[in-house]
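Shall we walk through a protein model together, one question at a time? Here it is.

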Amino acid sequence: FIKCGFTSTATVKTYIPIAGSDDLRDDTNPIGDSEKVVMICPFDGSVQTVWARSQAVPGDTTIGFHKIGVDYEVPSATAIGEMTIDMAVDNTSYEFDFTGVSNTFSQGQIIMFSVDPTTQLGDCHFMIVLKFDVST
């Protein structure tokens, strides 16, 4: 489980800061800020689901899963897997189920997550659920 939370006034794609970062502000460009938004995968695995909750009503919201192997600091801004849900009610948790889209990663890869709301999120919280194959 990865717990994330921050305040966002952006209405464009931002990158979800990973818990443990020294700076949990929203970021629309991860290049140069990878220490805030990426993590190294310790095992092969997959993204199972992402839960999102917002104090605002962000409307149609897309959560993206991004990954990269070697020779790059951050993954591409284009997600390899994404889910869109209408977050039509504030202070309500929504599940973005990634089991039906491209959701796998390999040991040593860098991964990050993006959120692209129709309107601002305000105070928002995320729970990212990963499944690891600890035999790798």
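What follows is a short conversation about this predicted model.

Student: Which order do the elements of the protein run in, from the N terminus on?
Tutor: Happy to start there! The secondary structure comes to one helix and ten strands. From the N terminus on, the helix follows two strands, and the order reads β-β-α-β-β-β-β-β-β-β-β.

Student: Among contacts between residues at least 6 apart in sequence, what share joins residues at least 24 apart?
Tutor: A contact here means heavy atoms within 4.5 Å. Taking the contacts in the protein between residues at least 6 apart in sequence, the share that joins residues at least 24 apart is 72%.

Student: What part of the 136 residues in the protein is buried?
Tutor: A residue counts as buried under 20% relative accessible area. The accessible surface of the protein comes to about 6,700 Å², and carbon and sulfur atoms hold 52% of that surface. Of the 136 residues, the buried part is 46%.

Student: Is strand 1 largely enclosed or not, and how many of its residues are buried?
Tutor: Strand 1 spans residues 2-8. It is largely enclosed by the rest of the structure, because the buried residues among its seven number five.

Student: Which strand is joined to strand 1 by seven bridges?
Tutor: One bridge gives a good hint: phenylalanine 6 has cysteine 124 as its bridge partner. Phenylalanine 6 lies in strand 1, and residues 122-133 make up strand 10. The two strands run antiparallel, and the partner joined by seven bridges is strand 10.

Student: How are the rings of phenylalanine 6 and phenylalanine 126 arranged?
Tutor: The structure holds five aromatic pairs. In the pair of phenylalanine 6 and phenylalanine 126, the centres are 5.9 Å apart and the planes are at 20°. Planes under 30 degrees apart count as stacked, so the arrangement of this pair is stacked.

Student: How many residues apart are phenylalanine 6 and phenylalanine 126?
Tutor: Both phenylalanines are buried. Their pair links distant parts of the chain, with phenylalanine 6 in strand 1 and phenylalanine 126 in strand 10, and the separation is 120 residues.

Student: Which residues form the one aromatic cluster?
Tutor: Rings pair if their centres lie within 6.5 Å. The cluster consists of Phe43, Phe65, Phe105, Phe113 and Phe132.

Student: Which backbone nitrogen lies 3.3 Å from a polar atom of the side chain of serine 8?
Tutor: Serine 8 is found in strand 1. Serine 8 is buried, because its relative accessible area is 1%. The backbone nitrogen at 3.3 Å from a polar atom of its side chain belongs to alanine 10.

Note on methods:
Residues are numbered from 1 along each chain as its sequence is written. This is a predicted model: local features need pLDDT of at least 70, side-chain atom pairs count only at pLDDT 80 or more; totals for chains, interfaces and linings use all residues. Side-chain values use heavy atoms; hydrogens and water are left out. Helices (H or I, at least four residues) and strands (E, at least two) are DSSP runs, numbered from the N terminus. Buried means under 20% relative accessible area, exposed over 50%, partly exposed in between (1.4 Å probe, protein chains only). A polar contact is a pair of N or O atoms within 3.5 Å; within protein, one must be able to donate a hydrogen and the other to accept it, and residues adjacent in sequence count only if both atoms are side-chain atoms. Accessible areas come from the Shrake-Rupley method with a 1.4 Å probe; for residues, only the protein chains shown count as cover. Rings of Phe, Tyr and Trp (its six-membered ring) pair if their centres lie within 6.5 Å; planes under 30 degrees apart count as stacked, over 60 as edge-to-face and the rest as tilted. Two strands pair if DSSP finds at least two bridges between them.
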